[in-house]
Amino acid sequence: MGSLTDIGVSAGINILSALGFLLAFAVLRIQPINDRVYFPKWYLKGTRSSPRHIGTVFSKFVNADLSTYIRFLNWMPAALKMPEPELIEHAGLDSAVYVRIYLMGLKIFVPIAVLAFAVLVPVNWTSGTLENEKGLSYDQIDKLSISNLGKGSKRFWAHIVMAYVFTLWTFYVLFHEYKVVTTMRLRFLANQNRRPDQYTVLVRNVPPDPDESVSEHVEHFFAVNHRDHYLSHQIVYNANHLSGLVEKKKGLQNWLIYYENQHAKNPAKKPTMKTGLWGLWGKRVDAIEYYKKEIEELCKQEDEERQKVITNPDSIMPAAFVSFKTRWGAAVCAQTQQTSNPTIWLTEWAPEPRDVFWANLAIPFVELSIRRLLMAVALFFLTFFFMIPIAFVQTLANLDDIERRFPFLKPIIEKNSLKSVIQGFLPGIILKIFLILLPTILMTMSKIEGHISLSGLDRRTASKYYLFLFVNVFLGSVITGTAFQQLDTFIHQPANKIPETVGESIPMKATFFMSYIMVDGWAGVAAEVLRLKPLIMFHIKNAFLVRTEHDRELAMDPGSLDFYNSEPRLQLYFLLGLVYAVVTPILLPFIIVFFSLAYLVFRHQIINVYSQQYESGAQFWPDVQRRVLAALIVSHILLLGLLSTQEAEKSTVALLPLPVLSLWFHFVCKGRFEPAFVKFPLQDAMVKDTLERANDPTLNLRDYLKGAYVHPVFQTNDIYELVAMDEEEKNPIVVTKRQSRMNTPVESKFNSSSGTIEGEFSRMPPT
């Protein structure tokens, strides 16, 4: 375990870094030229105008009002002023509930820290066991941990009692927060404005029919089996290649705008470029004419591909978005099994249109299980591959081992200032660097798995990332660090003594985690509010690509919460806090600082910056609850393992009920609250439908839903023609194109209901 000096150096570096980021943000945010970078949400809402439209030329770029520099920290209280109901209306329930995770961390750990410092720290400090041990490396901080208690000490009972107190307090906070969030979700759904996904179900694995197209088959099935509620449907096309062409055209158009702007600034000189790779070699041509020709050619390819998608039956997937006349009808369909065969006509709630990940709708349903198996295997190997850099990081955290194995490095390492920087700061920053690309890799794996919504991708990736952090950052750091730190002891002692050495060494990894918390949780969160990358990219785009105010709005990058990246990282702090609350309480203040700073920063960001891509109604909260409870159970198991090495058999037995209690509490919460996050109550659906009929009796729901679930590449093209359809009650007979099979000598394999009336959406003949 590192010394107080190492921790002090690391704290000094990270505190200065955090203060530097916060001061830079406080100054940059009040400059008119940066207004769109730090307040993009208000621009997107249309409630803020650029301060560069008024004042002198100098004041359009630099804030000349000295009084604003005196009040440069006023963003902090402003971030806390907006009440939660207004925050939900302004930013959405997902954002408001997300920041409650940080608030929940404070509710859990502040009382725990007070009790731990009042009871456990004095118990540990006054024991004096480590001072009497020979051959075991330790530092002053170790004397504040459970490592300072002797084997069989009766003082372990204080830790056991506190473990029960901490567990029960965590139960109380988790139950209360789950109840509050569930109430918020139900109220949000009840008060939510009309949205297409409230009436729409995604049906997948539509069985083939020899006489009917997919569209006709879907039409007939739902017109028969949901006669009173079926309204319309939209089949799913495989338009992935067309989407690629559209994105490529956008990139070429950006380059065309760039060169046209260059030419406008200097009309006497036409811009040129080389046609080779990255413009480094090849024939030099007129850049504007080149990109115009490329875009024209790409437009032709796009039109051809669009016609191919529309007319080719192979481009039609066995899936459709089916809309209903009422929310009640959609809820019944989404939450029930449609046929006796549970593998066909699979229904689920459709994501809201902006939440749909269209590329994965083109994946055949039968491939999903294979894809997810392959990605599970890939995740296994990726997790254990990262053990190599984790082991390297831990060698830096244990320089004594390096000195013993490489004596020639001792004069360099023994320099106090250098040793403190290496041991106190470098391990955390190097681990942070190793983890930079990991969320992107895991998100790619989730996309390969075939999830069809952005929210689903976020939740699945978050699960992978948390598992990775648990195995590598937590368990890997403890196990690898212990093995390096006590290698000599392992070699020169009997095998039955090894568990005791490991048990005594686990608390000694607290310093490494303190360093990681300061790098990732203090400096990292402060860097988030600075938004250095979006700041640079906005000014580059503003200088070279922007010609109109609309272009300038497109150049803004408000970003979002990145749930898949941020939530697993903050869950690691719950894990560290719960594990070390009894073992090494000195770590708790570092975690409390993180939760306090993060709550302030992310509340500011969701108010002024982030623009969420979707709204799931806090559907992620059950995952948050499960991970905190999993961390609590892990803390119980590790404490059991630690005490089992300390000749405290009676103490160990006293801890056995804790994991059982945690599992019981999990199932209580799951049964009490989780259904509200999985299913939509039919009673609530009926209430909303009744109120809607009373408040808006002339609503034309068919027109409202038309085009809601059309693939984005078709949104601006009139490829669909809405065909008038009589109400089912006026036309109870459902006509079918299916040929009779009454004379077939054996039972037909096509046993699902079929037949159709004219499709709700019919394709126009190619022009």
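The largest pocket of this predicted model is lined by 47 residues, and those nearest its centre are Glu528, Lys533, Asp562, Asn565 and Arg569. Seven elements are named as giving two or more residues to this lining: helix H1 (4-28), helix H20 (426-434), helix H21 (438-449), H25, helix H26 (532-544), H28 and helix H29 (588-608). H25 gives the most, with nine residues. By residue class, the lining of the largest pocket divides into 27 nonpolar, eleven polar and nine charged. The volume of the largest pocket is about 1500 Å³.

**H25 against H28**

Two of the helices that line the largest pocket, H25 and H28, also pack on each other. H25 covers residues 510-530 and H28 covers residues 563-583; their axes come within 12 Å and cross at roughly 150 degrees. An angle over 145 degrees counts as roughly antiparallel, and H25 and H28 are therefore roughly antiparallel to each other. Their crossing is left-handed. On the H25 side the contact is made by Ala510, Phe513, Tyr516, Ile517, Asp520 and Gly521, and on the H28 side by Arg569, Leu572, Tyr573, Leu576 and Tyr580. These contact residues divide into eight nonpolar, one polar and two charged. Arg569 of H28 thus appears in two places: it meets H25, and it is among the residues nearest the centre of the largest pocket.

**H9 against H28**

H28 has a second partner in helix H9 (residues 156-191). The axes of H9 and H28 are 9 Å apart, at an angle of about 150 degrees. H9 and H28 are therefore roughly antiparallel to each other. H9 passes H28 in a right-handed crossing, whereas the crossing of H25 and H28 is left-handed. His159, Ala163, Phe166 and Thr170 in H9 meet Leu578, Ala581 and Val582 in H28. The contact of H9 with H28 holds five nonpolar residues, two polar ones and no charged ones.

**The largest cavity**

The model has eight cavities of 30 Å³ or more. In the largest cavity there is about 120 Å³ of space. Its lining consists of 13 residues; Ala163, Leu578, Val582, Ser635 and His636 lie nearest the centre. Ala163, Leu578 and Val582 are also residues of the contact between H9 and H28. H9, H28 and helix H30 (621-644) each supply at least two residues of the lining, and H28 gives the most, with five residues. Ten of the lining residues of the largest cavity are nonpolar, three are polar and none is charged.

**The second largest pocket**

The second largest pocket has a volume of about 1000 Å³. It is lined by 39 residues, and the closest to its centre are Trp349, Arg459, Gln619, Phe677 and Val678. H9 and H30 each supply at least two residues here, as do helix H13 (327-334), strand S6 (346-349), helix H22 (454-485) and helix H33 (675-678). H22 has the largest share of this lining, with four residues.

The table sets out the residue classes of the three linings.

| Lining | Nonpolar | Polar | Charged |
|---|---|---|---|
| Largest pocket | 27 residues | eleven residues | nine residues |
| Second largest pocket | eleven residues | eleven residues | 17 residues |
| Largest cavity | ten residues | three residues | no residues |

Notes. Residues numbered from 1 in each chain as written. Predicted model: local features only at pLDDT ≥ 70, side-chain atom pairs only at ≥ 80, totals over all residues. Heavy atoms only, no water. Axes fitted to C-alpha atoms, helices over the stretch in contact; angles between N-to-C directions. Parallel < 35°, antiparallel > 145°, perpendicular 65-115°, else oblique. Left-handed = near helix turned anticlockwise from the far one by under 90°. Contact = heavy atoms within 4.5 Å. Nonpolar A, V, L, I, M, F, W, Y, C, P; charged D, E, K, R; others polar. 1 Å grid on protein atoms, 1.4 Å probe; cavity = no way out; pocket = protein on both sides within 12 Å on 5 of 7 lines; lining within 4 Å. Points joined across faces, edges and corners; volume = space filled by probe spheres on them.
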